[in-house]
Amino acid sequence: LLDDFRDGKARVRDVFNIEKLAKYYAISNVFMGKHGNRWHNQRFYYDPIEARIEPIGFDFNDDKSGLDPLERMNRGHGIFYGTNWAFDILSRMIFSDPDFFQQYVETVLRISSPDYLKTFFKEIKTDAEAHQRTLDKEFSQSKYKKYYRYNDDFRGHYYKNAKYVRSAISSRQEMKVHLKKRSKDEMAVVLNNRGQHLLDIVGFEAGGQFFPLHDIQ
């Protein structure tokens with residue numbers, strides 16, 4: 001299945017559980033775990049019942065200096081593909097699929113909402129505080145305190161990162177259109193998508209008249 005996908009013989013939906021894959025990428029973006037998206041860190045499970053591949057969260061974030069927000073990590077490269085230091089081709093192929101992209105957008109907007117995060121942190125409060133006490137016994141406070149303390153400051157990083165993700169998803173940039181050549185009966189144009197969203201070209205308008213895509217050669 002993976003070989004067929006990498007060779008362009010199968011779409012995302014034909015190979016992966018698209019809902020779980022979208023959720024995996026959404027979680028890795030909202031909760032700053034993109035390190036695991038690099039191709040050599042990715043792990044999968046094959047569901048023999050559905051005959052589809054599911055992602056397994058692995059190597060979520062090995063950063064040694066604390067939480068790493070996407071705004072810093074990406075440095076203008078965008079939130080969708082791999083990481084800023086390794087734009088892996090597998091993630092690019094996945095996000096180029098319209099069905100997956102729509103599922104991803106719906107999922108990431110849901111889990112990045114302040115209400116969702118507030119409910120999530122409330123639900124994990126008891127377990128998180130128990131793990132915190134375990135870490136307190138093992139690690140030096142002076143060395144590790146700012147990295148793992150489960151407090152308002154810690155949660156605030158996630159709210160801030162989620163806000164950045166929502167902003168990136170909601171942003172829109174105009175398409176650039178360059179005239180390549182023109183004659184009496186025809187013209188050729190080059191389209192440049194300046195944003196990260198997939199665009200569906202349906203036609204163009206000129207002189208107050210709309211020309212559908214199926215009429216364009």
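**Stop 1: the hairpin of strands 1 and 2**

Select residues 43–47 and 52–56 in this predicted model. These are strand 1 and strand 2, which pair in the antiparallel sense over five bridges. To check the register, display Tyr-46 and its bridge partner in strand 2, Ile-53. The two strands form a hairpin, with four residues between them. Within that turn, Ala-51 has a positive phi of about 55°. Most residues other than glycine have a negative phi.

**Stop 2: helix 3**

Next, select residues 18–30, which make up helix 3. A distance between the C-alpha atoms at the two ends gives 18 Å. That agrees with expectation, because 13 residues at 1.5 Å a residue should span 18 Å.

Which residues of helix 3 are buried? Colour Ile-18, Leu-21, Ala-22, Tyr-24, Tyr-25, Ala-26, Ser-28, Asn-29 and Val-30 to display them. In an α-helix, residues three or four places apart point the same way, because there are 3.6 residues a turn.

**Stop 3: the nonpolar core**

Keep helix 3 in view and add the largest nonpolar core, a group of 34 residues. Tyr-25, Phe-100 and Tyr-104 are the members with the most contacts inside this core. Two or more residues come from each of helix 2 (12–15), helix 3, helix 5 (89–95), helix 6 (98–111), helix 7 (114–138) and helix 9 (152–170). The greatest contribution is that of helix 3, with seven residues.

Now centre the view on Tyr-25. Leaving out residues up to four places away in sequence, Tyr-25 touches Asn-37, Gln-42, Ser-91, Ile-94, Phe-95, Phe-100 and Tyr-104. Two of these partners, Phe-100 and Tyr-104, were named above with Tyr-25 for their contacts inside the core.

From here, move to Thr-107 in helix 6. Is Thr-107 buried or exposed? Thr-107 is buried, because its relative accessible area is 5%, below the 20% cut-off. Beyond its neighbours within four places in sequence, Thr-107 is in contact with Ala-22, Lys-23 and Ala-26. Of these, Ala-22 and Ala-26 are among the buried residues of helix 3.

**Stop 4: the cavity**

Rolling a probe the size of a water molecule over the atoms shows where empty space is left. In this model the count comes to one cavity of 30 Å³ or more. About 40 Å³ of space lies in the largest cavity.

Which residues line the largest cavity? Select Leu-21, Tyr-24, Tyr-25, Gln-42, Arg-43, Phe-44, Pro-55 and Ile-94. Helix 3 and strand 1 each supply at least two residues of this lining, and helix 3 gives the most, with three. Tyr-25 thus belongs to the lining and is also in contact with two other lining residues named there, Gln-42 and Ile-94.

**Stop 5: the loop after helix 3**

Follow the chain past the end of helix 3 to Met-32, in the loop between helix 3 and strand 1. Although not a glycine, Met-32 has a positive phi of about 60°. Met-32 counts as buried because its relative accessibility is 2%.

Further along this loop is Asn-41. At 6% relative accessibility, Asn-41 also counts as buried. Residues up to four places away in sequence aside, Asn-41 touches His-35, Gly-36, Phe-58 and Asp-59.

Let the last of these contacts lead to Asp-59, found in the loop between strand 2 and helix 4 (70–74). Asp-59 is another residue other than glycine with a positive phi, near 55°. What is the exposure of Asp-59? Asp-59 is partly exposed, with a relative accessible area of 28%.

**Stop 6: strand 3**

Select residues 176–182, which form strand 3, and pick out Lys-180. Lys-180 is exposed, because its relative accessible area is 64%, over the 50% cut-off. Lys-180 touches Ala-188, Val-189 and Val-190, not counting residues up to four places away in sequence. Draw a C-alpha to C-alpha distance from Lys-180 to Val-190: the two are ten residues apart in sequence and 6.5 Å apart in space.

**Stop 7: the whole chain**

Finally, zoom out to the full protein, which has nine helices and six strands. Of its 217 residues, 33% count as buried. Among contacts between residues at least 6 apart in sequence, 61% join residues at least 24 apart.

How values were computed: Residues numbered from 1 in each chain as written. Predicted model: local features only at pLDDT ≥ 70, side-chain atom pairs only at ≥ 80, totals over all residues. Heavy atoms only, no water. Pairing = 2+ DSSP bridges. Expected span 1.5 Å × (residues − 1). Buried < 20%, exposed > 50% of the residue type's maximum accessible area, 1.4 Å probe, protein only. Core = buried A, V, L, I, M, F, W, Y, C linked by side-chain atoms within 4.5 Å. Contact = heavy atoms within 4.5 Å. 1 Å grid on protein atoms, 1.4 Å probe; cavity = no way out; pocket = protein on both sides within 12 Å on 5 of 7 lines; lining within 4 Å. Points joined across faces, edges and corners; volume = space filled by probe spheres on them.
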